[in-house]
Amino acid sequence: MKNNLPELRAERGWTQAELAGKLGVSRQTIIAIETERYDPSLPLAFAIADVFKRPVETIFFRDRSKK
Amino acid sequence: MDHIEFRLLLRYWLWQFGWWFLVYLLAYGAAMWALLNLQPGPLRTLLVLSPTVPGLAMICATVIAYRRGDEFVQREVLIAASLAALVTAVWTLIYAYLEPLGLPHVNVGFVHTFGWPVFIWRMVRLMRLRA
């Protein structure tokens, strides 16, 4: 799954640590999501959407190159 | 739990686990020495049983880190434990057939020394994750 978390975070001027703090997760989790090494659970994806005040489908989307 | 606490948690785990692993290796050496060199008695029993204490402490430190971790940390801990178990299983399976061919008989506790480094490698990799 692809995401535009780095861009959204940069728009707000937040560090990975700050975003992690807002979500109550580790910085490792944010790094893993941003680098697409980890797809978050639905509750975490919705929590991320809430933090950015955007619909979840505008942050996470399918990677069309993968089946 | 915020990100600073998570970082401290992982550092705490590495500190605790690292020390207990070192104690485990020393206790394992002492246990093997006692088995080969001491006559049955309280000291021999104590030394032979001694690796179980650091072994259990390593497991406790990991369970604490797992329970306090977030979903990604928990997944990584499970992957690390699974890989360690896999390496241990493969090593045990192969050695079970190598031993009848002439390799020395080793204590079952010896297999831990192959599984734990894999587990530590995965956990350190998690701690050092960079963007």
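This is a short tutorial dialogue on reading helices, burial and chain contacts in a predicted model.

User: Happy to start with the overall picture. How many helices and strands does chain B have?

Analyst: Chain B has five helices and zero strands, so along the sequence the pattern reads α-α-α-α-α. Its C-alpha atoms fill a box of roughly 55 × 35 × 20 Å along the principal axes. Of the 131 residues in chain B, 22% are buried.

User: Let's take one helix. What span does α4 of chain B reach from its first C-alpha to its last?

Analyst: A handy check is to compare the span with the value expected at 1.5 Å a residue. Helix α4(B), residues 71–98, has 28 residues and reaches 40 Å, close to the expected 40 Å.

User: Which residues of α4(B) are buried?

Analyst: First, the general idea. An α-helix has 3.6 residues a turn, so residues three or four places apart point the same way. Now the case here: the buried residues are Phe72(B), Val73(B), Glu76(B), Val77(B), Ala80(B) and Ala84(B).

User: And what covers those buried residues of α4(B)?

Analyst: The cover includes α3 (52–68) and α5 (112–127) of chain B, together with α3 (27–34) of chain A.

User: So chain A comes in. How many residues of chain B are in contact with chain A?

Analyst: Twelve residues of chain B are in contact with 17 residues of chain A. On the chain B side, the elements giving two or more residues are α1 (3–37) and α4. The largest share, three residues, comes from α4(B). By class, that side has seven nonpolar, one polar and four charged residues.

User: What about Pro42(B): buried or exposed?

Analyst: The idea is to count neighbours: a residue with 12 or fewer other C-beta atoms within 10 Å is exposed. Pro42(B), in helix α2 (residues 42–49) of chain B, has 7, and is therefore exposed.

User: Last one, on helix packing. At what angle do α2 and α3 of chain A pack?

Analyst: Look at the angle and the axis separation together. Helix α2(A), residues 16–23, packs with α3(A) at about 110 degrees, with their axes 8 Å apart. Angles of 65 to 115 degrees count as roughly perpendicular, which means that α2(A) is roughly perpendicular to α3(A). The crossing is right-handed.

User: Which residues make that contact?

Analyst: From α2(A) they are Gln16(A), Ala17(A), Leu19(A) and Ala20(A), and from α3(A) they are Arg27(A), Thr29(A), Ile30(A) and Ile31(A). By class, the contact has five nonpolar, two polar and one charged residues.

Terms used
Residues numbered from 1 in each chain as written. Chains lettered and ligands numbered in written order. Predicted model: local features only at pLDDT ≥ 70, side-chain atom pairs only at ≥ 80, totals over all residues. Helix = DSSP H or I, 4+ residues; strand = E, 2+ residues; numbered from the N terminus. Expected span 1.5 Å × (residues − 1). Buried ≥ 20, exposed ≤ 12 C-beta atoms within 10 Å, placed from the backbone. Contact = placed C-beta atoms within 7 Å. Nonpolar A, V, L, I, M, F, W, Y, C, P; charged D, E, K, R; others polar. Axes fitted to C-alpha atoms, helices over the stretch in contact; angles between N-to-C directions. Parallel < 35°, antiparallel > 145°, perpendicular 65-115°, else oblique. Left-handed = near helix turned anticlockwise from the far one by under 90°.
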